[in-house]
Every structure is written in C-alpha cells, then in structure tokens.
Amino acid sequence: AVLHRLWAEIDKTVKQQVTMARMGIGECGTGWQLFAEDGEMKMYRREEEIDGMVVDPLKAVHVVKGITGHEVCHYFFSPKYRYDWETTLEHMTVLETISDDTLLFLQTHKRIWPASQREAVFWSHMRKLPNDQDRDGPDMWTVVNNSTEDESHPANSGKCVRIYLTVCLLCQTRVHPPKDGTPITRDNVSCKITYCSVVNPGGWAPASVLRAVYKREYPKFLKRFTTYVTNQTKNKPIMF
Ligand SMILES: CCCc1ccc(-c2ccc(S(=O)(=O)CCO)cc2)cc1[C@H]1C[C@H]1c1ccccn1
C-alpha cells in the first residue's frame, strides 16, 4: 500500500506517546501533582508554561470494570459517537479519511469566557499493540491524537484560536477467568486506562481561567466518557 504523507510522523509519534503513557507517574519525572481523585480514577498534572501560556501536561489513570481496551478505543476514536460524550465540542468534521484506523479531524470547542474560542486540527490513529511484556497477556489498544497543519484550514485564519494538542489514550484489558470454566462475561473483564494530554492553547488565555477549566473539565470528561462506554456496551457481546 502506498504510505500516506503523514505515516512516518504518525508511527513515530504513536510509539513515543505509548512509551511515555506506559511509564508510571514516578518514572515520568518530577513535579506531578495529584489534582483529582474519584474511586479508581487518579488525575495528575504538571504546571508548565511556554511564553506565559499554560501547557500543563496531564496524566490520568483509571480502572473500569466490564469493558475492554478495544471497546474504549473504539468509542473514543469513532467520530459517530463523539457528540454523545465530548460536552465541550461545538463542531467536528472529518477532513480526511487517511485509512480505516486514521482520520484527520477539525474540531471547534465551546468558548470559555473570557478566552476566545478554540479549534483543533489533528490526526487520530487507533492501533492494537502487541503486549511485549506478557506474551499471553491481553493486547493493548491505543488512540493517539496529534495536531497537524492542513492547507485547506490554515491556523488562526478565522475567529477561532488554533490549539496544539497531543493526546494518548492507552488501554490494557484484564481478564479474570471464572474458576468453574464457564464462559467469560463482562464480570470477568476490566480495563486499565491511561489518558495523557498536552495542550498548547495557541494564544494568550488567563492561566487562572485555563487551570480552573482543566481542573473542572478533565475529571468530568473521563468519567462521562467511561460511563458512556459502559452504557453502550453492557448488552453487547464483548469486543476483545
Ligand atoms: C483553551 C483550550 C481549552 C481546551 C483545549 C483542548 C481541549 C481538548 C481537545 C481534544 C481532546 S481529545 O482527548 O482529543 C477528545 C477529542 O475531542 C480533549 C480536550 C478542550 C479544551 C476546552 C474545552 C475545554 C476542555 C478541557 C479539558 C477537557 C475537555 N474540554
């Protein structure tokens, strides 16, 4: 198959992001502060600024019973479900279908007063990863979203400020087979989710406002999204 113009960048970025997502918080360098906790969900951030703009890296870890990594990545990646769970989304367009596991998105997010409205252009790639640590362990699945340029949508040409994001959703399915050898049900599966994101807001926005938005929005987003996947899958066959 002819490789797409972005393929080399996608493959390199996915490998880099997955390597970082697999590292524990302790190995990810210093300065991580736990800022939100809800049951199994723990959310960390590091306070970082570039040219006075807040670009705080975020890392969340969560364990959800009854769903698999393939299912979590499927509902995160597919455009047809996004309006159901992404509450800050104002508009989403698929600019290009690069392949069946790689899409180019244009998204505008609802304006956060007093900052100007933001938009993002990013490729999104979904991939199953060999579990190289535990060969007979279940596979891992990931979706990586990474901002990119698109000639037909130059940055900051309209009313929206272009943001630059790198997001990695890494999922590891855990199966606890029933003792009595009966078939595996959703009671026997769980998914360890690691969500990493770095967002450059692209233009000035008050640090206090941005940090308040992230503190409020990210825990809401991960809880809402995982609840959505649980509800969407509960009466469906398990997608391993
Ligand atoms: C000034 C910039 C604010 C800002 C930057 C970035 C994002 C954002 C974009 C994409 C993704 S995703 O994980 O790729 C899922 C696809 O949408 C998550 C978050 C949202 C906001 C805004 C709306 C706020 C927000 C922040 C955090 C979570 C959700 N929404």
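# A tour from Arg-45 to the ligand and the loops

Select Arg-45 and Phe-35: Arg-45 lies over the face of the Phe-35 ring, at 5.4 Å from the ring centre. The model on screen is a predicted one. A second arrangement of this kind is found at Arg-82, whose charged end sits over the ring of Phe-105, 4.2 Å from the centre of that ring.

**Strand S7 and its neighbours**

Stay with Phe-105 and extend the selection to strand S7, residues 102-109. Is S7 enclosed or open? Eight of its eight residues are buried, so S7 is largely enclosed by the rest of the structure. Colour the two sides of the strand separately: Thr-102, Leu-104, Leu-106 and Thr-108 point one way, while Leu-103, Phe-105, Gln-107 and His-109 point the other way. The residues on both sides are buried.

Now add strand S6, residues 89-99. S6 and S7 run antiparallel and are joined by eight bridges. To find the register, select Val-94, whose bridge partner in S7 is Phe-105. Two residues lie between S6 and S7, and the two strands form a hairpin.

Next, show strand S8, residues 118-129, which pairs with S7 in the antiparallel sense over seven bridges. Here Leu-106 is the residue to centre on; Val-121 in S8 stands opposite Leu-106.

Before leaving this part, follow the loop between S7 and S8 to Pro-114. The peptide bond from Trp-113 to Pro-114 is cis, with omega near 0°. Most residues other than glycine have a negative phi, and most peptide bonds are trans.

**The ligand**

Select the ligand and the residues around it. Which of the 20 residues around the ligand come nearest? They are Glu-86, Thr-88, Gln-107, Asn-145 and Tyr-195. Three side chains can be taken in turn:

- Gln-107 has a polar side-chain atom 3.0 Å from an oxygen atom of the ligand.
- Asn-145 has a side-chain N or O atom 2.9 Å from an oxygen atom of the ligand.
- Tyr-195 places a polar side-chain atom 2.7 Å from an oxygen atom of the ligand.

How much of the ligand's accessible area does the protein cover? On its own the ligand has 620 Å² of accessible area, and the protein covers 99% of it.

**Aromatic pairs**

Turn to the aromatic side chains, which form 13 pairs in the structure. Start with Tyr-75 and Tyr-228, an edge-to-face pair with 6.0 Å from centre to centre and 85° between the planes. Tyr-75 belongs to helix H2 (residues 69-77) and Tyr-228 to helix H4 (residues 207-233), so this pair ties together parts that are 153 residues apart in sequence. Tyr-75 counts as buried, at 4% relative accessibility. Tyr-228 is buried too, with a relative accessible area of 11%.

Then select Tyr-195 again, this time with Tyr-218. The ring centres of Tyr-195 and Tyr-218 are 6.2 Å apart and the planes meet at 50°, so the pair is tilted. Tyr-195 lies in strand S12 (residues 189-200) and Tyr-218 in helix H4, so the pair ties together parts that are 23 residues apart in sequence. Both residues are buried. Widen the selection to the cluster they belong to: Phe-76, Trp-85, Tyr-195, Tyr-214, Tyr-218, Phe-221 and Phe-225 form one aromatic cluster.

**From S12 back to S9**

From Tyr-195, show the whole of S12 and strand S11. Twelve bridges join S11 to S12, and the two strands run antiparallel. Cys-171 stands opposite Ile-193 in S12. S11 (residues 164-175) also pairs with strand S9 (residues 140-147), in the antiparallel sense and over seven bridges. In this pairing Met-140 stands opposite Gln-172 in S11.

Next to select is Asp-139 together with Phe-240: the two are 101 residues apart in sequence, yet their C-alpha atoms are 8.6 Å apart in space. Phe-240 lies in the segment after H4. Is Phe-240 buried or exposed? With 53% relative accessibility, Phe-240 counts as exposed.

**Two loop residues**

End with two backbone selections. Asn-156 lies in the loop between S9 and strand S10 (161-162). Asn-156 has a positive phi of about 55° although it is not a glycine, and at 43% relative accessibility Asn-156 counts as partly exposed.

Last, go to the loop between strand S3 (49-50) and strand S4 (53-54), where Asp-51 is found. Asp-51 is not a glycine, but its phi is positive, at about 50°. The relative accessible area of Asp-51 is 72%, and the residue is exposed.

How values were computed:
Residues are numbered from 1 along each chain as its sequence is written. This is a predicted model: local features need pLDDT of at least 70, side-chain atom pairs count only at pLDDT 80 or more; totals for chains, interfaces and linings use all residues. Side-chain values use heavy atoms; hydrogens and water are left out. Buried means under 20% relative accessible area, exposed over 50%, partly exposed in between (1.4 Å probe, protein chains only). Helices (H or I, at least four residues) and strands (E, at least two) are DSSP runs, numbered from the N terminus. Two strands pair if DSSP finds at least two bridges between them. Rings of Phe, Tyr and Trp (its six-membered ring) pair if their centres lie within 6.5 Å; planes under 30 degrees apart count as stacked, over 60 as edge-to-face and the rest as tilted. A charge sits over a ring if NZ of Lys or CZ of Arg is within 6 Å of the ring centre and within 35 degrees of the ring normal. A residue is near a molecule or strand if one of its heavy atoms lies within 4 Å of it. A polar contact is a pair of N or O atoms within 3.5 Å; within protein, one must be able to donate a hydrogen and the other to accept it, and residues adjacent in sequence count only if both atoms are side-chain atoms. Accessible areas come from the Shrake-Rupley method with a 1.4 Å probe; for residues, only the protein chains shown count as cover.
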